[in-house]
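Let's take a walk through this model, starting with charged pairs and ending with a small piece of strand pairing. Keep the viewer open as you read.

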Amino acid sequence: DLAPVAPMICTSEVPITTNKPVVTIAVVKGEVRADKYEFMIDVENPRWTYDSASMSWSISTFLNIELQEVADLASVVRGFSIEDPMMAGELVSQVDYALTSRDDHPEQLSHVVVAFALNNRPSANSETVMTVKAPLGFKFASLCQVVTGSSVFGTGQSYVGGYSRFEATATVVECEGSRNTAHITIKPGLFQTKKYAFRLEVFNPSITPEYNRWTISFGGETTVPFLGYRLWQFTEETVSASHAARSTTEEETLNVVTLQFRPSNAIGRGGYLAITAPFGFRMLTACSATLASLDSLGRPAQEIQPLSCLGAPQPTNAAEVFFTDATGTVSALEMYRLDIEVVNPLRIPVDPGVWHLNSYSAVGGGYENLLDIGDVLSFALTEVFHTFQVTYPPYVNPLDNELQLRFRIILRHAVELGDTVKIQGPEGYDFGVVSTLAQLLLEYRACRGYQLTGPDALPMPSCLDNEIRFIFETGGIPLDSMQLLTPLIDFTVLTAYPRRTVVSSANNFHGTHNRGAIVMSSKTVQGQMVTPRLQSLSITRIDTQIAVGSHSRLQLSFSPSQASDSLHITTEAPQGVSQAASLTFGFGLATVAATEDLSPMATVNIRLQSNTSILIEMGLKEAVSYVVTLTNVANPDKPGRALWTLTTYAAPLVRAAPPSEWVQTVNQRDQSEDVVGPPTFSRIVVDPAATTLGSPYFDIDTTELQLAFRVSPVIVSPGQYFILYAPFGYTFVERTFKPGDGFPLVSGVVYVMDPQDTYLGLSAYVVQILTQINVDQTVKLVARVNTPRTPEDIALWETDNPSNWLLVTALDPEGKETTASNDNLFPGFLLQASFGIVVVRPEPNGVMPRKRVTVTVSIAPKTTMQSLVAGGSIHVRITAPLGFDFDLGCLAVTPNPTFESCTGDGRYAATMSGSSSPSSTWRPRRCGPRPRGTGSSPRLRATRSGSCSRSPLAATRSAGP
């Protein structure tokens with residue numbers, strides 16, 4: 001093969017001067033020395049027939065083709081005839097291998113059945129020579145054997161498939177072979193259009209030829225090149241090692257050898273693979289092996305199971321892998337990867353040797369069951385490091401993005417000037433500092449957090465991805481004269497937390513000591529299994545439901561390290577916590593929503609849901625930001641912080657599979673384990689029966705609030721602050737707090753915080769307690785408050801301003817370090833509006849007893865009064881003192897601009913507003929400047945028309961005291 005020493009370029013042209021094709025093979029570099037050479041050129045045959053005498057080829061060589069400097073004089077070679085196409089030609093594949101002596105194994109003597117059909121009858125008067133040309137690599141014996149007649153398909157076997165035997169007169173005179181060509185002399189007697197079959201002896205090549213085509217020429221006709229057969233051998237074989245260092249008497253090197261291959265034959269149930277390693281390797285009696293098919297990119301596609309791997313009773317360099325189930329079979333022509341554990345030899349051989357791989361159709365072996373065979377040159381063994389240790393930290397914070405590793409190395413060879421020492425970690429590790437420029441991503445740079453313990457001669461390393469490299473440019477590390485070893489090389493370095501899930505066989509650290517292209521020594525050690533984490537993970541509450549037993553909304557934000565199809569969430573209590581089950585969140589009623597890069601995700605399905613976990617099916621992309629919102633999650637029944645574990649999984653092969661098949665270790669991708677979640681606090685429960693507001697009306701100042709509550713399930717310790725937040729619009733009155741039954745002793749820290757001084761913007765009463773509040777102890781207190789001012793629209797005001805009261809205990813007076821809360825669940829009080837200033841004015845001389853009298857009642861509502869029903873009415877009830885009686889029709893003046901009617905019943909009168917308008921509404925209006933002495937509220941009058949005219953209500957008194 002000249003390609004390595006003299007690469008060449010082939011070009012072709014048809015000069016217009018000669019109209020004959022010229023092929024030029026130019027040497028790019030190197031030289032072609034005087035010797036015998038052979039080459040193949042793809043050509044297109046002429047469209048007409050020619051005899052060989054007229055098909056001459058001229059071959060010339062030049063020292064310089066451009067200058068036409070001749071090296072050898074031209075030679076003229078007689079070519080081959082261009083003949084008419086034959087009707088048919090083929091290799092017959094449907095034969096009994098044993099009966100026909102067919103053998104498709106490499107370099108074996110075989111007998112192939114060949115068939116052909118002529119378009120024209122050959123000469124009936126003379127013998128004719130048939131030329132059979134096999135692909136390059138096949139060989140015919142000088143005196144080759146041809147079988148015709150009744151034994152072509154085996155002794156006594158009949159012809160099938162439309163094939164015919166040679167005519168009785170058409171006997172084979174002789175067969176002469178030369179390399180891949182056989183010349184067979186046949187007597188006259190064959191006819192046209194009949195498909196004749198004969199058997200021919202041939203020696204197989206060592207590999208299946210790249211151009212695997214046969215041809216037959218006979219009687220002036222030639223077949224179109226027809227397909228040959230694929231040899232029974234493994235192709236595309238490679239072998240690699242996870243650990244290439246030799247074993248020592250102190251420590252055996254356990255190595256996972258990876259064999260990749262493409263079989264020519266399928267291996268079914270009952271078949272097996274036989275592996276033989278070079279001398280010195282050892283395979284255990286109960287060996288470990290895995291087999292998987294590979295996709296077009298060389299990645300494992302599907303593992304073949306079940307398998308059984310057996311070595312010799314006394315371990316040797318051979319083992320067999322059996323297929324024990326019909327579902328676990330090997331298909332022909334697919335790529336496979338076999339990983340098998342071996343123990344490396346104690347010595348480094350001069351010749352690495354060869355790995356042999358055979359496949360058999362049935363247990364017991366034997367040539368009759370032999371399928372494919374294959375040999376592949378072994379990897380080179382190296383000297384082993386005396387010491388190579390990688391130490392992981394005992395604990396890593398679940399939210400840390402880096403991992404510190406300690407390396408300890410002792411070498412058997414001195415490190416000289418120009419040597420390099422490299423350490424390569426598993427895929428997904430990254431020892432280099434973060435690059436600030438895109439063009440530096442592929443360049444070695446400083447290592448993260450590198451710290452040297454010794455020796456001082458160790459140069460500063462550089463790192464790229466998962467590789468650490470030391471280049472000795474100014475000196476080396478000599479051997480200790482007594483131990484003949486280098487001193488201990490000891491250093492630590494940080495890696496980005498791994499972002500790839502690797503199989504156990506690939507989870508290795510590989511160290512090498514190189515002197516130029518020579519590997520002086522190496523060693524591979526197993527790394528700890530580190531599961532990639534969800535990056536930038538945070539778990540927060542997004543509502544105020546922080547107490548035990550409440551149902552809260554939580555938000556999980558993260559960025560996956562690896563693409564996946566589902567998210568599994570569980571919680572648990574920290575180790576050592578009693579009643580651990582009480583410190584877990586409940587997902588039984590939870591609902592889920594999610595965003596991807598702030599855009600809502602359409603496909604988010606809950607596949608598994610229980611009180612302890614939830615499995616969410618959602619497509620997760622690598623390095624994309626996600627926010628998952630969980631609603632209606634039950635808080636734990638015990639105060640404290642639960643530990644959250646979030647795990648992502650790839651989908652199983654069948655997406656409709658039950659959830660148990662989703663949550664499988666083989667499908668696991670990222671996992672953030674034992675992440676401390678948001679805290680849960682004790683619950684404060686307000687007793688509504690014992691909690692009252694003296695005057696539940698708007699515009700009431702210094703009304704008394706009586707409050708009763710209990711705390712569970714944990715006491716409130718002394719020194720904490722009890723903080724009571726009033727709803728919006730309320731203000732506490734300073735120095736009105738009074739402890740009631742069960743309230744602990746208080747310190748001098750008792751004060752009111754104005755709304756602008758609290759982080760909630762609400763008025764608060766702060767009281768520091770000196771003694772504890774026991775669990776489920778009823779605690780009472782009294783304070784005075786100013787109720788909100790009357791709003792213009794009560795319904796709108798109530799919608800915008802909840803009436804809930806918030807009670808908390810905290811370690812700080814601002815209430816930010818909460819220890820217990822009622823979660824703002826006490827609904828508060830329904831406040832009612834005031835009629836403002838009500839004036840009752842009798843007619844002149846109307847104050848006489850027992851007199852029928854007309855009185856004018858003036859009211860000025862401070863808020864809008866509107867019927868709840870469109871077109872409905874508003875009723876006002878008036879209660880007079882004892883002794884007054886209203887007329888049945890008690891409206892004294894009609895029509896009244898506001899009221900349509902009045903119905904009296906003793907001391908009670910009920911007026912009804914008109915309903916002629918679309919809605920009956922009284923709206924508060926400001927009428928002129930604020931009168932003196934009316935307080936902070938303006939005087940308002942109610943009018944149907946919206947004007948400021950008075951709308952007095954007139955009533956008569958039929959009898960009075």
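How many salt bridges does a search of the whole structure find? The count comes to 26, and keep in mind that we are looking at a predicted model.

Let's pick out a few. Arg515 pairs up with Asp419, with 2.9 Å between the closest N and O atoms. Arg515 sits in strand 33 (residues 508–515), while Asp419 belongs to the loop between strand 27 (402–410) and strand 28 (420–424), so this salt bridge ties together parts 96 residues apart in sequence. The two ends have their own surroundings: Arg515 is partly exposed at 25% relative accessible area, whereas Asp419 is buried at 2%.

Next, look at Asp823 and Arg683, whose side chains meet in a salt bridge at 3.6 Å, N to O. Here the loop between strand 55 (818–821) and strand 56 (839–842) supplies Asp823 and strand 45 supplies Arg683, so parts 140 residues apart in sequence are tied together. Why does Asp823 count as buried? Its relative accessible area is 0%, and buried means under 20%. Arg683, with 16%, is buried as well.

A third pair is Glu704 and Arg784, at 3.7 Å from N to O. It links strand 47, home of Glu704, to strand 53, home of Arg784, across 80 residues. Glu704 is partly exposed at 27%, and Arg784 is partly exposed too, at 32%. Elsewhere, Arg246, Glu383 and Arg412 are linked in a network of salt bridges.

Now for the greasy part. Nonpolar side chains tend to be buried together in soluble globular proteins. In this model, the largest nonpolar core has 33 residues, and Phe709, Leu724, Phe732, Trp805 and Leu807 have the most contacts inside it. Among the elements that each supply at least two residues of this core are strand 45 (682–686), strand 47 (703–712), strand 53 (779–786) and helix 3 (794–800). Zoom in on Leu807: setting aside residues up to four places away in sequence, its contacts include Ile684, Val686, Phe709, Leu724 and Ala820.

Finally, find strand 38 (residues 591–596). It runs antiparallel to strand 42 (residues 626–634), joined by 6 bridges, and Ala593 stands opposite Thr629 there. Strand 38 also pairs with strand 39 (residues 599–600), again antiparallel, over 2 bridges, with Thr595 opposite Pro600. The hairpin of strand 38 and strand 39 has 2 residues between the strands, and Asp597 takes a positive phi near 50 degrees in it.

How values were computed. Residues numbered from 1 in each chain as written. Predicted model: local features only at pLDDT ≥ 70, side-chain atom pairs only at ≥ 80, totals over all residues. Heavy atoms only, no water. Core = buried A, V, L, I, M, F, W, Y, C linked by side-chain atoms within 4.5 Å. Buried < 20%, exposed > 50% of the residue type's maximum accessible area, 1.4 Å probe, protein only. Helix = DSSP H or I, 4+ residues; strand = E, 2+ residues; numbered from the N terminus. Contact = heavy atoms within 4.5 Å. Pairing = 2+ DSSP bridges. Salt bridge = Lys/Arg side-chain N within 4 Å of Asp/Glu carboxyl O.
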